[in-house]
Structure formats: structure tokens, C-alpha cells
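Biologist: Before I take any labels on trust, can you walk me through how they were assigned? Let's get the model up first.

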Amino acid sequence: MRLVFAGTPEPAVPSLRRLIESPHHEVVAVVTRPDAVAGRGRKVTRSPIGLLADEYDIPVLTPAKPKDPDFVERLTELAPDCCPVVAYGALLPRHVLDIPRHGWVNLHFSLLPTWRGAAPVQAAILSGDEITGASTFQIEEGLDTGPVFGVVTEKIGVTDTAGTLLGRLAETGARLLESTLDGIEDGTVQAVPQATEGVSYAPKIDAEAGHIRWDQPALAVARRVRAVTPAPGAWTEVAGKRLKLGPVELVEEALPPRTIDVRKTGVYIGTATTAVRLNGVQPPGKRMMPALDWARGARLEPGTVVE
């Protein structure tokens, strides 16, 4: 099939690469979000999907909005059979959805209808789900409401972060997306309406979501840290300065909530239940480092509390 692929961030790269290399499909163009300022140098940067398309000399379309007339005209000229989508980052209007004869097929990193929305992987970790996965579905005008073509499942490990889990789902999901498109082409796959029960939503995660609340139980603290790692990142404040946190370790001993205890065995912080032990931390303007190295340099007063 002639494909126009829509996607933006790194987790979409395995899917695009797999479709480019597929003997059954031709990626005639890529749609991605416009180049944006990123990084400490604040340089204008191409999206990961745009960069991969450039490697293969595939035309890249970067409409400010999918309803832009120039984009609609160009997409119509390309006459795609289907438009696969992985984390594109913009809503598609009805007249754009109708352009490809097989519509737009989205790879979503959850087992729909669980965790519709922008941050399904983070939501699954936050809620303590043991199993998650990826789904391919036909895009409608509703938020992730379309009928499902296929799913793959993935176990969530006790040390999984959003980054490690999403990395695995990006690979298994890429295979699912390719097989879905193969099935659409040869007529062997049919979309099935989503269940009306078990619907849940995963809103976009912002920087404030990474602010750790130490008045919560230790398990909830550990899950939140893992859910926002690597982005937007977990953090707390110590002596008025923001300290970024890597994944923490649960311990059995209790400490007063928010209180730091520095020992030879590590750096501990109290929660509403038992304490957690810090592993990597990142002070302002520095790289991630062992928590004990940071604590020794910070010369914390006994009884210091975090905010």
C-alpha cells in the first residue's frame, strides 16, 4: 500500500523504520510536527521522525495544523491508501480522515479502552497495572475511540520506568502496526468496536506531575518517580533548590515524612508509610550522580526536610 506516515517523537521511529523496510508497503511521505526549539542550546530541531525520513529521502510535511489547506491539498495529491499514525501529536479533522481509502490507523500504547489519551504508559505505571500493551485502531473524531484491529500485551516490571516500558512497546508495537497494515491490504483483518466498559483516560503529563508528594505512601512515591522517568522527570526541593530524582528503592524502615536521613548505606527520605532510598539524583546545573555523593557535598543538617 501507499502510506503517508504521521508521527513525531522517538517511540514512533521503530514503526516508521519497519514500514520503510517492509516489502509490502511504500512510504511516500511523512507528516510530523514542525521543527521546534529544544535542548540547552535552544536550537531549532527536527523531530526524530523527520530526521529518519530525511535519511531515506522521503518528503516531510510539517503543517502547523492538519486542517491547513496546503497540507490537505498535498495529502490529496499523494493519494495514500492508508495513513499509519504513532504519537503524531495533533487532532485530525473529518475531511482529512476521509482522504486515504483505508483511513488512518493509529498505534496506541495501551490496551484500549484502558488509558485513552496522551500518556497511557505513565498512567499504567502510576496505577500499578501489572499488564499493559499496544493497540492498533481506526481513528475517528473521538479521542482514541475507534474500533480495534489488534493488540499486543506487555508485562510491567517492578523496576520499569516510562522510558524502558515505552521502549519495549515501541518495538512490539511496530511489529503489530506492520501486521495490521498487511492484514488491511489483504483483507484478513477486521476492526472490532471497543468495549463500553473499562474506559479510562490518561491526560498529558506536565512538569508539576513530577513533583513528589512525600505525604503519600512509599509505593505511590516509587511509582510516580518511575512514571515520570525520564520525562518530565521526578523532583523535590531541598533547601529551596530543585533536586531531580532517579528511581527510588523501597525499604522497610519508617522515617518521619519528608525527612532526609544520610547514612553510610545511602540517603533515605520518609513517606507516609516506610522510607525510600534514593539512587541517582541531579542537583541544579550538574549531571546525575549517586545520592550519597550529593548528600556529602550538600552537608545537610540533621532533620532536613524536603518540599
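**Strand 7 and the loop after it**

Modeller: This is a predicted model, and in it strand 6 (residues 83–86) runs parallel to strand 7, the two being joined by three bridges. In strand 7, Val105 is the bridge partner of Pro84.

Biologist: What makes strand 7 and strand 9 (residues 131–138) a pair?

Modeller: Pairing takes at least two bridges. Strand 7 and strand 9 have four, in the antiparallel sense, so they count as paired. Asn106, for instance, sits opposite Phe137 in strand 9.

Biologist: Which way do the residues of strand 7 point, and are they buried or exposed?

Modeller: Trp104, Asn106 and His108 point one way, Val105 and Leu107 the other, and all are buried. That makes five of five for strand 7 (residues 104–108). In a regular strand, side chains alternate between the two faces of the sheet.

Biologist: Why is Ser110 called buried?

Modeller: The cut-off for buried is under 20% relative accessible area. Ser110 has 0%, so it counts as buried. This residue lies in the loop between strand 7 and strand 8 (116–117), and among its contacts further off in sequence are Trp115, Pro120 and Thr132.

Biologist: And why is Leu111 called partly exposed?

Modeller: Partly exposed covers the range between under 20% and over 50%. Leu111 comes out at 25%, so it gets that label. Leu111 is in the loop between strand 7 and strand 8 too, and it touches Val151, Val152 and Thr153, among others.

Biologist: What does UniProt list for "binding site"?

Modeller: The unreviewed entry gives Ser110, Leu111, Leu112 and Pro113.

Note on methods: Residues numbered from 1 in each chain as written. Predicted model: local features only at pLDDT ≥ 70, side-chain atom pairs only at ≥ 80, totals over all residues. Heavy atoms only, no water. Buried < 20%, exposed > 50% of the residue type's maximum accessible area, 1.4 Å probe, protein only. UniProt positions renumbered as here; feature names shortened; annotations may be inferred. Contact = heavy atoms within 4.5 Å. Lists of a residue's contacts leave out its neighbours within four places in sequence.
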